[in-house]
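Trainee: I would like to take a close look at one covalent link and the parts of the chain around it. Could you walk me through it?

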Amino acid sequence: MSCRSRLTKMALLLSLAAASAGATSFVTVPDEALVDGAAVIAQVTVESVEPAPIAAPPATDYFVQIERLLKGYVTGSTVVVRVPGGIGPDGIGLRIWGVPQFRTGERTLLFLAPRVDGTYGILHLMLGAFSEVEAGGYRIAVRALSEALSLPLSSAGETPMATEPQRDFAGFVNWITDRANGLRRPIDYYLDPALADLGRPRASGPLLEDRCTQLNYRWSGFDQDEAFKWSFDAAGYDGRGGGRGAFLRARRLWKRASNGAVRFQNGGALRNRAALGGLDGVNLLAFDDPRDDVAGSFSCSSGGVLSLTGVWFDNGRGQSCERIGTGRKGFRDGRQYLEILAADILVNDGASCLLSKDVLLTARIFAHELGHSLGLAHVADSAAVMSGEVSRSSSLEHLEASDVEAVSELYDTPPSR
Ligand SMILES: [Zn+2]
């Protein structure tokens, strides 16, 4: 889908948000299911962006002005939309790629889920946010999917999914309004497939990039042969399916591909730890989204977000981009990097219907997420594990040359013998 580097001239001319590539995997949700599943749908403009005033975990608050309410009720004309990831009051940052980002002044269509604290989550994260982009004389509703890993599966998990269509913004709004009012009519707002690349955010690669500083991330400890342990949440899908074995397999792939430079070890099972919940010295693979970081569940019939990867870093006792100068950084070959202090992978609730049935697919997804946890973004090679799309044909006996090349950009991988 949009992860591929099919750039039109128009796409190059547009200055769109966040070119960093991502760490969220998903199966697309049909528009009908999005409308039916959202408590609130609104056309909004983003008024301001602020770090969430909570101790942990870091989150970002978007204050949005409601221009048009398409479904549901809200109190007041401005609501706070809180998305996971950001920089906390203690300066500790959590970067989760694939999570939608908005700019002040931007007009967006949001599918929202109310939270108990009065803020709103975005239903299915990047699948429930459509930015208005003007391109080629059209007003298009564009989802920022270049940051995420798409699984080209139908809801049944077998046949290929069609490429993400382009939606006419006004037509989409009208269709949503009708459906929310009980008038179900066929989709009439898809634009000509020939316009597929118009206005899409471009993917970048192969390294993850910090939004403030444009620095890349890496584990500096590997330089001193330090090893880092990955633990499993003892609860959840892993206890019932093949998640643990798939993760071990994924970890071995990176070890082999880097000729031992990537030193991730097995930290065993833990209880009562939250992935993406705080910088707690544990790299955790956890299941079932216990804190509801992802509003909405994955479903094998209607899709959704499967998993998220986040990396933790030190922003230097401040929440603004400017303060990052004092954070934990390292150098390699004369380049400055942000040091990854820990990483977490969160598997969404409901994902077991897909993952427990297919250990190879699970291993492929975990290998991809582990690649992000190493500081990698996406590579253009569609056979690679770090491609933006899961390829059923890619081998899991070894990583592709493009994956190996990407990891060698960050770490001193010894030549193979
Ligand atoms: Zn990805």
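How many disulfides does a search of the whole structure find?

Mentor: Happy to. Before we start, please keep in mind that this is a predicted model, in which local features need pLDDT of at least 70 and side-chain atom pairs count only at pLDDT 80 or more, while totals for chains, interfaces and linings use all residues. Residues are numbered from 1 along each chain as its sequence is written, and side-chain values use heavy atoms, with hydrogens and water left out.

The search finds one disulfide, the term being used for a pair of cysteine sulfur atoms within 2.5 Å. The partners are C300 and C353, with their sulfur atoms 2.1 Å apart. The torsion about their S-S bond is about 100°, so this disulfide is right-handed. It ties together distant parts of the chain, 53 residues apart: C300 sits in the loop between β16 and β17, and C353 belongs to helix α5. Such labels come from DSSP runs numbered from the N terminus, with helices being H or I of at least four residues and strands E of at least two.

How open are the two cysteines? C300 counts as partly exposed because its relative accessibility is 22%, and C353 is partly exposed too, at 22%. The scale here is relative accessible area: under 20% is buried, over 50% is exposed, and partly exposed lies in between, using a 1.4 Å probe and protein chains only.

Now follow each end of the link. On the C300 side, the loop between β16 and β17 also holds D292. D292 has a positive phi of about 60° although it is not a glycine. Most residues other than glycine have a negative phi, and most peptide bonds are trans. At 36% relative accessibility, D292 is partly exposed.

On the C353 side, α5 (352-355) is one of the elements giving two or more residues to the largest nonpolar core, and β17 (304-314), α6 (359-373) and α7 (401-410) are among the others. A nonpolar core here is a set of buried Ala, Val, Leu, Ile, Met, Phe, Trp, Tyr and Cys residues joined through side-chain atoms within 4.5 Å. This one has 55 residues, and W219, W254, F264 and L374 touch the most other members. The neighbours of W219 include F264, L374, A342 and Y411, leaving aside residues up to four places away in sequence; a contact means heavy atoms within 4.5 Å. Another core, of 53 residues, lies apart from the largest one and has Y120, F169, V173 and L276 among its members.

Helix α6 deserves a stop as well. Of its 15 residues, 13 are buried. Its end C-alpha atoms are 20 Å apart, which agrees with the 21 Å that 15 residues should span at 1.5 Å a residue; the expected span is 1.5 Å times one less than the number of residues. G375 follows α6 and has a positive phi, near 105°. In the loop between α6 and α7 you will find V390, which is buried with a relative accessible area of 9%. V390 is 25 residues along the chain from I365, and their C-alpha atoms are separated by 7.6 Å.

From that loop we reach α7, which lies across β13, β18 and β19 and runs at about 110° to β18. For such angles, axes are lines fitted to C-alpha atoms, for helices over the stretch in contact, and angles run from 0 to 180 degrees between N-to-C directions. The three strands form an open sheet of mixed pairing in the order β13-β19-β18, where pairing requires at least two DSSP bridges between two strands. β13 (216-218) and β18 (329-332) are the edge strands, each pairing on one side only, and the twist averages 50° from one strand to the next. β18 and β19 run antiparallel, joined by four bridges; R332 has R335 of β19 as its bridge partner.
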